[in-house]
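User: Please take a close look at one part of this protein, the helices near the start of the chain and what packs against them. A connected account would be preferred to a list.

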Amino acid sequence: MSKTVSTYLTERNVGWETLKHSETGSSEESARAAKIDQGHIAKAVMLQDGVGPVMVVIPGDSWVRLAAVNRELNRQLTLTAEQDSMCFFPDCKTGAIPPIGPAYDVETLLDESLLSLAYVYFEAGDHRSLVKVSGQDFLELLSGVRHGHFCDAQ
């Protein structure tokens, strides 16, 4: 687990569990390895424009609706290459970005489909573990971010 994630969870007084699994390269692979529903994984999708980066947090079984995000923010964001976004997450492995943008001072949007889950799982900053938190605690980790409909199911 990245130091930033661990510190943020502790500072927010959030209880969590770490689920170790074999090394994976995507949220789909992580869900399979950890034997959990892909729709219960919150994944971070990084976008950017001349103003700066934006993280969109969506279920692992979904795709970002770029038009919806651009409309919400009145910007012209584009998908950020994984390697290019890593400068904002220096203690994480490439492609294992935790979906808790506030911990990294990154503007964040949260898809409303994640609001009703009893438990949420997310990348811990590596490719070998997921963090499990209650749905309520996940909302605490993302308090103050905008909510909306920013994705479509695969």
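Analyst: A residue is called buried when its relative accessible area is under 20%, and exposed when that value is over 50%. The model under discussion is a predicted one. In helix H1, which spans residues 3-11, the residues that count as buried are Val5, Tyr8 and Leu9. Around the axis they cover an arc of only 100°, which places them on the same side of H1. The face of H1 turned away from that buried side carries the exposed residues Lys3, Thr10 and Glu11. The buried residues of H1 pack against strands S7 and S8 and against helix H5 (135-141). Just after H1, Asn13 takes a positive phi of about 55°.

Helix H2 (residues 27-34) can be described in the same terms. Its buried residues are Ser27, Ser30, Ala31 and Ala34. Their arc around the axis is only 100°, which puts them on the same side of H2. The cover over these residues includes strand S1 (17-20), strand S2 (41-48), strand S7 (119-123) and strand S8 (129-134). Lys35 follows H2 and has a positive phi, near 60°.

Strands S7 and S8 are named among the partners of H1 and in the cover of H2, and one residue from each strand shows the detail. Phe122 is found in S7. This residue counts as buried because its relative accessibility is 0%, where the cut-off is under 20%. Apart from residues up to four places away in sequence, Phe122 touches Val5, Leu9, Ala42, Pro98, Pro99, Ile100, Ser129, Leu130, Val131, Val133, Phe138 and Leu141. Val5 and Leu9 in that list are buried residues of H1. As for H2, the C-alpha atoms of Phe122 and Ser27 are separated by 8.5 Å, although the two residues are 95 apart along the chain.

In strand S8, the residue to consider is Lys132. Its contacts, not counting residues up to four places away in sequence, are Gly15, Trp16, Glu17, Leu19, Tyr119, Val120 and Tyr121. Lys132 and Val120 lie 12 residues apart in sequence, with 5.8 Å from C-alpha to C-alpha.

A further residue, Thr80, sits in the loop between strand S5 (78-79) and helix H4 (82-85). Thr80 is buried, with a relative accessible area of 10%. Leaving aside neighbours within four places in sequence, Thr80 is in contact with Met46, Leu47, Gln48 and Ser85.

These details can be set within the whole protein. Its secondary structure comes to 5 helices and 10 strands. Of the contacts with a separation of 6 or more, 66% are accounted for by residues 24 or more positions apart. Of the 154 residues, 51% count as buried. The radius of gyration is 14 Å, which agrees with the value near 15 Å that a compact globule of 154 residues would have. Along the principal axes, the C-alpha atoms fill a box of roughly 40 × 30 × 30 Å. The protein exposes about 7,400 Å², and carbon and sulfur atoms supply 47% of that area. Finally, there are 13 positive and 21 negative charges, and their mean positions are 3 Å apart.

Key: Residues numbered from 1 in each chain as written. Predicted model: local features only at pLDDT ≥ 70, side-chain atom pairs only at ≥ 80, totals over all residues. Heavy atoms only, no water. Buried < 20%, exposed > 50% of the residue type's maximum accessible area, 1.4 Å probe, protein only. Helix = DSSP H or I, 4+ residues; strand = E, 2+ residues; numbered from the N terminus. Arc of directions from axis to C-beta. Contact = heavy atoms within 4.5 Å. Rg over C-alpha atoms; globule rule 2.2 N^0.38 Å. Areas by Shrake-Rupley, 256 points an atom, 1.4 Å probe, with all protein chains shown as cover. Lys, Arg positive; Asp, Glu negative; His and termini not counted. Charge placed at Lys NZ, Arg CZ, Asp CG, Glu CD.
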